[in-house]
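Please walk me through this structure. I am new to it and would like a short guided tour.

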Amino acid sequence: MNSDVSIAGDPLAIPHLLPPVPQHPATVAEFAGLARTIAADRAHWAPLVQYDAASRWYARLRTGPGYEVWLLSWVPGQSSGLHDHGRSSGVLTVLQGSLTERRRHTSGMAHRTLTPGSQQVFAPEYIHEIVNDALEPAVSLHIYFPGLTEMTPYAATVEEPVRN
Ligand SMILES: [Fe+2]
């Protein structure tokens, strides 16, 4: 289909025609985008990472209005245990290594391997466990909105695992 509109010059050079760049994410897509942006900036997060064989290491990387960004490390064998996130939603991204996510599913437990670039977006009431069952340490990035204020642990289930 032809248009009778012609544009002279570069329309992106006209600032008032551009939507403002959001300073903080407000949608699920923007939160996922923030996680991807931080993940790509390895020079920023990599020097901050520490590994602790006694207990899982974590650090708050950033806060914004209504959200928090956390950096976590996982040595082989470390696990979060099965838990929820209270009233928080979240975005989980693996930055380095691989992690196995075990999540409660209607017909049992589903397993998924998360590798760099994988993202898991979850709503409140999402119940999962993250485990580093690989041989190398792993690093993950977690964004919670609102910030994580409660996390209820759950007993491990003996239900038959479900693969998806
Ligand atoms: Fe979690």
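Begin at Leu141. Setting aside neighbours within four places in sequence, Leu141 is in contact with Ala35, Ile38, Ala39, Val69, Leu71, Thr93 and Leu95. This is a predicted model, and Leu141 is a good way into it.

Leu141 belongs to the largest nonpolar core, which has 20 residues. Three residues have the most contacts inside this core: Ala35, Leu141 and Ile143. Which elements supply at least two residues each? Helix H1 (28–40) does, and so do S2, S3 and S8.

Take strand S8 next. S8 covers residues 138–145. Seven of its eight residues are buried, so the strand is mostly covered. S3 is also mostly covered, with seven of its eight residues buried.

S8 has a partner strand in S2 and another in S3. S2 and S8 run antiparallel and are joined by seven bridges. Within that pairing, Trp74 stands opposite Ala138 of S8. S3 and S8 also pair in the antiparallel sense, again over seven bridges. Here Leu92 stands opposite His142 in S8. Gly90 has its bridge partner in S8 too, namely Tyr144.

Now step back to the whole sheet. In what order do the strands lie? The order is S1-S2-S8-S3-S6. These five strands form an open sheet, and the pairing is antiparallel. Strand S1 (57–64) and strand S6 (119–122) stand at the edges. Each edge strand has a single partner strand, so one side of each is left without a neighbour in the sheet. On average, neighbouring strands of this sheet are turned by 20° against each other, direction ignored.

The edge pairings can be followed residue by residue. S1 and S2 pair in the antiparallel sense over seven bridges. Trp57 stands opposite Ser73 of S2. At the other edge, S3 and S6 pair in the antiparallel sense over four bridges. There, Thr93 has Gln119 of S6 as its bridge partner. Thr93 has already appeared above, among the contacts of Leu141.

A helix lies over these strands. H1 lies across S2, S3, S6 and S8. The helix runs at about 150° to S8. Ala35, one of the core residues with the most contacts, falls within the H1 range of 28–40. Ala35 is in contact with Leu141.

Next come three histidines. UniProt, in an unreviewed entry, lists His83, His85 and His128 under "binding site". They are spread over 46 residues of sequence, yet they cluster in space: the largest C-alpha distance is 9.3 Å.

Where does His85 sit? His85 is in the loop between strand S2 (67–74) and strand S3 (89–96). Is His85 buried or exposed? His85 is buried, because 21 other C-beta atoms lie within 10 Å and the cut-off for buried is 20 or more. Not counting residues up to four places away in sequence, His85 touches Gly90, Pro124, Tyr126, Tyr144, Leu148 and Met151. Two of these names are familiar: Gly90 and Tyr144 are the bridge partners met earlier.

His128 is placed in a strand. His128 is found in strand S7, residues 128–131. His128 is buried, because 20 other C-beta atoms lie within 10 Å and 20 or more is what the term requires. Leaving aside neighbours within four places in sequence, His128 is in contact with Glu101, Arg102 and Arg103.

Finally, look at the protein overall. Its secondary structure comes to two helices and nine strands. Read along the sequence, the pattern is α-α-β-β-β-β-β-β-β-β-β. Buried residues make up 23% of the 164 residues. Contacts often span long stretches of sequence. Among contacts between residues at least 6 apart in sequence, 76% join residues at least 24 apart.

How confident is the prediction, and where does the pLDDT drop below 50? The mean pLDDT is 88, and 88% of the residues reach 70 or more. Over residues 158–164 the pLDDT is below 50. Beyond near neighbours in sequence, that stretch has 14 contacts in the model.

Notes: Residues are numbered from 1 along each chain as its sequence is written. This is a predicted model: local features need pLDDT of at least 70, side-chain atom pairs count only at pLDDT 80 or more; totals for chains, interfaces and linings use all residues. UniProt positions are given in the numbering used here, feature names are shortened, and annotations may be inferred rather than shown by experiment. A residue is buried if 20 or more other C-beta atoms lie within 10 Å of its own, exposed if 12 or fewer, and partly exposed in between; C-beta atoms are placed from the backbone. Two residues are in contact if their C-beta atoms, placed from the backbone, lie within 7 Å. Two strands pair if DSSP finds at least two bridges between them. A nonpolar core is a set of buried Ala, Val, Leu, Ile, Met, Phe, Trp, Tyr and Cys residues joined through C-beta atoms within 7 Å. Axes are lines fitted to C-alpha atoms, for helices over the stretch in contact, and angles run from 0 to 180 degrees between N-to-C directions. pLDDT is the predictor's confidence in each residue, from 0 to 100.
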